[in-house]
Amino acid sequence: MSDTSSDRPVLIVQQQGKLDLRWTVELDEALLGRDDSCHLVIAEREVSRQHVRIYKHNEAFYIEDLESRNGTWVNEEKLEGTRALHNGDKIKLGTSTHIEFVGSNFTAPISKVDGFEKGSGLRIDTASRRVFINQVELDPPLSPPQYRLLELLYLNAGTICTREQVIDTVWPDAYGEGVSEQAIDALIRRLRDRLSDLDSKMDYVVTVRGHGFRLGG
């Protein structure tokens with residue numbers, strides 16, 4: 001019998017300045033890191049492009065550090081090589097990203113994002129990076145920079161994201177240099193244009209002058 005979503009573990013990702021992200025480990029092998037090729041993309045400076053691998057073996061799940069630059073810790077012990085994961089384990093990537101491992105057949109806490117999804121026409125499947133508006137999928141998909149910007153606003157629903165946060169998330173390797181105001185504004189315009197393809201009456205990206213941007217809807 002194949003696994004169902006209730007039989008799969010869940011990662012609860014806590015990132016600085018963002019709401020918790022709940023991600024179901026649907027695959028028997030998943031890469032976590034900053035690179036767009038990873039199954040779970042974590043756009044933090046201290047996270048390596050391919051930071052860790054989580055994989056299933058003999059009905060158990062394991063975590064392996066992929067020679068990350070800033071290291072990985074499990075329950076405050078530095079990860080050297082590979083170790084088994086158990087329900088409630090606390091994983092830390094570098095110093096900025098904290099993850100709780102919720103094992104199969106255990107109930108994961110309800111994410112704050114879930115409540116926003118139900119009350120808005122916009123919904124993001126963060127695992128597959130698919131975007132829906134009023135239950136219709138946005139096709140073709142957003143470009144990686146457009147998606148990272150929208151996800152930032154989505155996970156911080158109800159708060160304002162500064163331009164510095166946008167740079168850190170969309171251009172994590174830029175370190176605030178070489179990203180002009182015009183580049184940010186152009187990205188905002190392109191994202192608004194793409195979202196308006198499905199809902200031209202709603203402004204899902206709101207500019208708060210002098211402060212930054214927030215999610216509308």
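This text walks through a predicted model, from paired strands to a helix and then to salt bridges.

Start with strands β12 and β13. β12 covers residues 122–125, and β13 covers residues 130–133. The two strands pair in the antiparallel sense, over four bridges. One bridge joins Ile124 to its partner Val131 in β13. Together β12 and β13 make a hairpin, with four residues between the strands. Arg129 sits in that turn and has a positive phi of about 60°.

Now look at Thr126. Thr126 lies in the loop between β12 and β13. Is Thr126 buried or exposed? Thr126 has a relative accessible area of 12%, so it counts as buried, the cut-off being under 20%. Which residues touch Thr126, once its neighbours within four places in sequence are left aside? The contacts are Leu21, Arg22, Trp23, Tyr147 and Glu151. Tyr147 and Glu151 fall within the residue range of α2, which is 144–155.

Follow the chain into the next hairpin. β13 also pairs with β14, a strand of residues 136–137. This pairing is antiparallel too, over two bridges. Phe132 stands opposite Glu137 of β14. Two residues separate β13 and β14 in their hairpin. In this turn, Asn134 has a positive phi of about 50°.

Glu137 has a second role in this picture. Its side chain forms a salt bridge with Arg130, and the closest N and O atoms are 2.9 Å apart. Both partners are partly exposed: Glu137 has 33% relative accessibility, and Arg130 has 36%.

Next comes helix α4, residues 181–196. Does its length fit or conflict with that of a helix of 16 residues? At 1.5 Å a residue, α4 should span 22 Å. Its end C-alpha atoms are 23 Å apart, so the two values agree.

Several residues of α4 are buried: Ile184, Ala186, Leu187, Ile188, Leu191, Arg194 and Leu195. The spacing has a simple background. An α-helix has 3.6 residues a turn, so residues three or four places apart point the same way. Ile184, Leu187, Ile188, Leu191 and Leu195 are among the buried residues here. What covers the buried residues of α4? The cover includes strand β13, helices α2 and α3, and strands β15 (205–208) and β16 (212–215). β13 thus returns here, as part of the cover over α4.

α4 is also tied to α3 through side chains. Arg163 and Asp185 meet in a salt bridge, at 3.0 Å from N to O. Arg163 belongs to helix α3 (residues 163–170) and Asp185 to α4, so the pair links distant parts of the chain, 22 residues apart. Arg163 is partly exposed at 22% relative accessibility. Asp185 is partly exposed as well, at 28%.

Salt bridges that share partners also build a network, which joins Glu29, Arg53 and Glu64. Within it, the side chains of Glu29 and Arg53 meet at 3.5 Å, N to O. This pair, too, links distant parts of the chain. Glu29 is in strand β3 (residues 29–33), while Arg53 is in strand β5 (residues 52–57), 24 residues apart. The two ends differ in exposure. Glu29 is partly exposed, with a relative accessible area of 42%. Arg53 counts as buried, at 19%.

These salt bridges belong to a wider set. How many does the structure hold? The total is 14. The general idea is plain: side chains of opposite charge can pair when their charged atoms come close.

Terms used: Residues are numbered from 1 along each chain as its sequence is written. This is a predicted model: local features need pLDDT of at least 70, side-chain atom pairs count only at pLDDT 80 or more; totals for chains, interfaces and linings use all residues. Side-chain values use heavy atoms; hydrogens and water are left out. A salt bridge is a side-chain nitrogen of Lys or Arg within 4 Å of a carboxyl oxygen of Asp or Glu. Buried means under 20% relative accessible area, exposed over 50%, partly exposed in between (1.4 Å probe, protein chains only). The expected span of a helix is 1.5 Å times one less than its number of residues. Contact means heavy atoms within 4.5 Å. Two strands pair if DSSP finds at least two bridges between them.
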